[in-house]
Amino acid sequence: MSNPNTGAHNNNAGRQDTNPIEYYSFRLTRRSLLKAGAASAAVAIAPRHAFGASDATATPAPEMANVTLKINGETRQLEVDTRTTLLDALRENLHLTGTKKGCDHGQCGACTVLVDGRRINACLTLAVMQDGAEVTTIEGIGTPENLHPMQASFIKHDGYQCGYCTPGQICSSLAVLSEIEQGIPSHVTLDLVSAPQATSDEIRERMSGNICRCGAYANILAAIEDVAGGRKS
């Protein structure tokens, strides 16, 4: 068929209504596409040994270490995996479950304990790193029959609701008052010459690492101030 304008013969005559894929005899249905994709995925996730590769090396046994800790006045000897945190050693090996596992990332303060008189997040240190240290947990601060003044103050001022964060809050509270007594400044201390005082701002700043998801902060502050003698009750 000739083009009326040029007189040239049109070789594409009759192809205008033909699907290009069908014209070139290349047909790809949806079913075929899904099958091809599944086959590709199977090849991608196939185990290594299916292609003649050697089997993966077995995971080595954990490396164990002996650790001696003085827990709440009692010397305890443990054999732990070197990867064990102090928090897990306290809870899993010594069954001192008063210390709580919250975020396990050092962000909530629920696992706060006293190590050699200073507060730390037990989830952020390995047990082997504290070999020979003196550790005080909530179980060593007081008992139901003989409450520590801070524990009694938390009860008096209703400084808890669910109680999950309370052990860490109490351990941290004791450390806060000790830090102030030692003259250790905080971010809100006015200067580095004068001794810090147990003001509400100082206490709030120093307790900011202990989160209470129930929102009992006002009562927690009142309990600490009561023990610090910062207010009359």
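Which residue takes a positive phi in the hairpin of β1 and β2? That residue is N72, with a phi near 50 degrees. Keep in mind as you look around that this is a predicted model. Besides the hairpin, this briefing covers a nonpolar surface patch and some of the eight salt bridges that the structure holds.

**The hairpin**

- Strand β1 spans residues 64–71 and strand β2 spans residues 74–81.
- The two strands run antiparallel to each other and pair over eight bridges.
- If you want one pairing to look for, try M64, whose bridge partner in β2 is D81.
- Two residues sit between the strands, and the hairpin is where you'll find N72 with its positive phi.

**A nonpolar patch on the surface**

- Three residues make up this patch: L147, I155 and Y160.
- Together they have about 240 Å² of accessible area.
- I155 belongs to helix α4, which covers residues 149–156.
- With a relative accessible area of 48%, I155 counts as partly exposed, because the partly exposed range goes from 20% to 50%.

**Salt bridges around R206**

- Some background first: side chains of opposite charge can pair when their charged atoms come close.
- R206 forms a salt bridge with E179, and their closest N and O atoms are 3.4 Å apart.
- R206 is in helix α6 (residues 200–206) while E179 is in helix α5 (residues 166–181), so this pair ties together parts that lie 27 residues apart in sequence.
- R206 also meets E202 in a salt bridge, at 2.9 Å from N to O.
- This second pair stays within helix α6, where R206 and E202 are four residues apart, about one turn of the helix.
- Are these residues buried or exposed? R206 is buried at 7% relative accessibility, E179 is buried at 16%, and E202 is buried as well; the cut-off for buried is under 20%.
- Zoom out a little and you get a network of salt bridges linking R119, E179, E202 and R206.

**Another salt bridge in helix α6**

- D201 and R204 form a salt bridge too, with their closest N and O atoms 3.6 Å apart.
- These two are three residues apart in helix α6, so about one helical turn separates them.
- D201 is partly exposed, at 49% relative accessibility.
- R204 is partly exposed as well, at 48%.

Note on methods:
Residues numbered from 1 in each chain as written. Predicted model: local features only at pLDDT ≥ 70, side-chain atom pairs only at ≥ 80, totals over all residues. Heavy atoms only, no water. Pairing = 2+ DSSP bridges. Patch = residues over 30% accessible without salt bridge, like charges linked within 9 Å, V, L, I, M, F, W, Y side chains within 5 Å. Areas by Shrake-Rupley, 256 points an atom, 1.4 Å probe, with all protein chains shown as cover. Salt bridge = Lys/Arg side-chain N within 4 Å of Asp/Glu carboxyl O. Buried < 20%, exposed > 50% of the residue type's maximum accessible area, 1.4 Å probe, protein only.
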